[in-house]
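Reader: I would be grateful for a close look at one part of this protein, namely its nonpolar core. Please also set it beside what lies on the surface.

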Amino acid sequence: MPSSTSHRLLSVFGWLLLVPSSLTALGALWLLASSLGLGSDTRTVAGRVVGHEASRLKLSSGQKSIVEFSTHDGRTLRVADPLVRQGGAIHKVGEAVKVRYAAEDPVQAQIVGSVLVQGFIGGVLLLFSAVGVLAGWLLLRLRPRNAALATTRP
């Protein structure tokens with residue numbers, strides 16, 4: 001008879017893999033969907049880097065590029081790209097870049113290269129979380145079924 005300890009261990013490890021991996025998969029799907037522009041009317045326009053903004057990361061500092069672009073309705077906006085690059089911004093002041101934004105909220109614009117990084121991170125997270133979900137599911141499926149009955153022996 002399999003021991004009740006092995007049943008409990010497999011259950012605990014299975015749930016410890018399954019729950020966080022499932023939550024990570026949801027976050028990864030959100031990253032992928034937003035990087036692909038799913039669920040919103042996204043526009044891509046030409047913009048120009050007009051400056052850099054210092055940003056503090058957890059353990060170091062980095063820079064964001066500030067980009068200026070014109071929206072589909074003719075407004076000119078300046079926004080900081082949300083991607084912080086450690087050691088300095090990747091784009092030089094004056095450099096032409098492609099900017100992507102949601103038509104209903106152009107203030108949340110991103111440089112297209114940042115969107116690609118976001119999509120790549122989402123894809124990698126989704127891959128690893130899928131492995132975690134599969135491993136957790138297998139641990140829960142492989143645990144002994146009759147271990148609960150074995151613990152009720154007189």
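Author: The following account begins with the core and then turns to the surface. The model is a predicted one. Its largest nonpolar core consists of ten residues: Val-49, Val-67, Phe-69, Leu-77, Val-79, Val-97, Val-99, Tyr-101, Ala-109 and Ile-111. Four elements each give two or more residues to this core, namely β2 (61–70), β3 (76–80), β5 (96–102) and β6. The largest share, three residues, comes from β5.

Ala-109, a member of this core, illustrates how its surroundings are built. Leaving aside residues up to four places away in sequence, Ala-109 touches Phe-69, Val-79, Ala-80, Pro-82, Val-99, Arg-100 and Tyr-101. Among these contacts, Phe-69, Val-79, Val-99 and Tyr-101 also belong to the core.

Strand β6 spans residues 105–111 and includes Gln-108. Gln-108 counts as exposed because its relative accessibility is 55%, and the cut-off for that class is over 50%. Between the C-alpha atoms of Gln-108 and Asp-81 the distance is 8.4 Å, although 27 residues separate the two in sequence.

Nonpolar side chains also occur on the surface. Trp-15, Val-19, Leu-23, Leu-26 and Leu-29 form a nonpolar patch there, with about 520 Å² of accessible area together. Leu-23 lies in helix α1, which covers residues 4–36. With a relative accessibility of 56%, Leu-23 is therefore classed as exposed, whereas the core is by definition a set of buried residues.

Technical notes: Residues are numbered from 1 along each chain as its sequence is written. This is a predicted model: local features need pLDDT of at least 70, side-chain atom pairs count only at pLDDT 80 or more; totals for chains, interfaces and linings use all residues. Side-chain values use heavy atoms; hydrogens and water are left out. Patches are made of residues with over 30% relative accessible area and no salt bridge: like charges are joined within 9 Å, nonpolar side chains (Val, Leu, Ile, Met, Phe, Trp, Tyr) within 5 Å. Accessible areas come from the Shrake-Rupley method with a 1.4 Å probe; for residues, only the protein chains shown count as cover. A salt bridge is a side-chain nitrogen of Lys or Arg within 4 Å of a carboxyl oxygen of Asp or Glu. Buried means under 20% relative accessible area, exposed over 50%, partly exposed in between (1.4 Å probe, protein chains only). A nonpolar core is a set of buried Ala, Val, Leu, Ile, Met, Phe, Trp, Tyr and Cys residues joined through side-chain atoms within 4.5 Å. Contact means heavy atoms within 4.5 Å.
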